[in-house]
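Work through the exercises below with the sequence and the structure open. Try each task before you read its solution.

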Amino acid sequence: MIQTTKNNVTVVQHPLCEHNLSIIRDKYINSDGFKNSIKRLATILILEATKDLPLKDYNVTTPIKDCKTKKISDEYKIIFAPILRAGLAISDVASEIVPDASIQHVGMYRDETTLEPVWYYDKTPVKYKDPEHVKVFILDPMLATGNSAHAAISLFLKKGILIENLVFISILSAPDGINLLTKDFPNLKIITAKIDESLNSKGYIVPGLGDAGDRLFNTFEK
Ligand code: URA
């Protein structure tokens, strides 16, 4: 997969990313078309984000003979943490690809005036048993101001997860969000399909795609 990486920010470049980004940006695409393209993009990003998961040797008997193979090592617990609600579209795909992963939802909504995140749900454990052996992939299709992302990352760091074991995955990102996260968490890996131009005064990504949650769950007035 072609990608450009700078300051731990990887922008995945693939013709299918461009194609599906065009679909999700289009305001005339219905919710079903939007969801399907989000899922295709999520698949590409999850594959990229998990490409360094450690492997362990494994022996298997095929119908033909015994052979040595590899499986994902159980040295690390793998967690996907969707930021509600739009992150669910990515965690649905992630749990198909990595079925043994734990899905730990975190819920924040954006205060419309301050654009600051307000917590309403946290399904992470009070304490991780062995936090140094936990890999967390935080999922949100939109990295806009970066405030919710910042709050979610801070939560996992506070619980002892190592920054090198944290990955933030977004489909579309704004320069503000990227700058905030790279400034405060220079060792955080960020994986995205595109960095857009800017944010508007309401904190929406420009040109973006509008409100990802509303488009996924069909909850906006046309
Ligand atoms: N959240 C969204 O759903 N869209 C944006 O453009 C920014 C944040």
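**Exercise 1: An exposed pair**

Lys70 counts as exposed, because its relative accessibility is 52% and the cut-off for exposed is over 50%. Keep in mind that the model is predicted.

Task: Find which side chain meets Lys70 in a salt bridge, and state which strands the pair ties together.

Solution.
- Step 1. The partner is Asp57, with an N to O distance of 2.7 Å.
- Step 2. Place both residues. Asp57 lies in strand β3 (residues 55-61) and Lys70 in strand β4 (residues 66-72), so the salt bridge ties together parts that are 13 residues apart in sequence.
- Step 3. Check the accessibility of the partner. Asp57 counts as exposed because its relative accessibility is 61%.

**Exercise 2: Two bridges from helix α1**

Task: Determine what Glu18 and Arg25 each pair with, and classify the residues by accessibility.

Solution.
- Step 1. Take Glu18. Its side chain meets that of Lys194 in a salt bridge of 2.8 Å, N to O.
- Step 2. Locate the ends. Glu18 sits in helix α1 (residues 15-25) and Lys194 in strand β12 (residues 189-195), so this bridge ties together parts 176 residues apart in sequence.
- Step 3. Classify them. Glu18 is partly exposed at 40% relative accessibility. Lys194 is also partly exposed, at 24%.
- Step 4. Take Arg25. It forms a salt bridge with Asp196, and the closest N and O atoms are 2.8 Å apart.
- Step 5. Locate these ends. Arg25 belongs to helix α1, while Asp196 is in the loop between β12 and β13 (198-199); they are 171 residues apart.
- Step 6. Classify this pair. Arg25 is partly exposed at 26% relative accessibility. Asp196 is buried, because its relative accessible area is 8% and buried means under 20%.
- Step 7. Set the bridges in context. A search of the whole structure finds eight salt bridges.

**Exercise 3: The surroundings of Trp119**

Task: Say where Trp119 is found, whether it is buried, partly exposed or exposed, and which residues it touches beyond four places in sequence.

Solution.
- Step 1. Trp119 is part of strand β8 (residues 117-122).
- Step 2. Its relative accessibility is 35%, so Trp119 counts as partly exposed.
- Step 3. List the contacts, leaving out residues up to four places away in sequence. Trp119 touches Val106, Gly107, Met108, Ala151, Ala152 and Leu155.
- Step 4. Compare sequence and space for Asn165. Trp119 and Asn165 are 46 residues apart in sequence, and their C-alpha atoms are 23 Å apart.

How values were computed:
Residues numbered from 1 in each chain as written. Predicted model: local features only at pLDDT ≥ 70, side-chain atom pairs only at ≥ 80, totals over all residues. Heavy atoms only, no water. Helix = DSSP H or I, 4+ residues; strand = E, 2+ residues; numbered from the N terminus. Buried < 20%, exposed > 50% of the residue type's maximum accessible area, 1.4 Å probe, protein only. Contact = heavy atoms within 4.5 Å. Salt bridge = Lys/Arg side-chain N within 4 Å of Asp/Glu carboxyl O.
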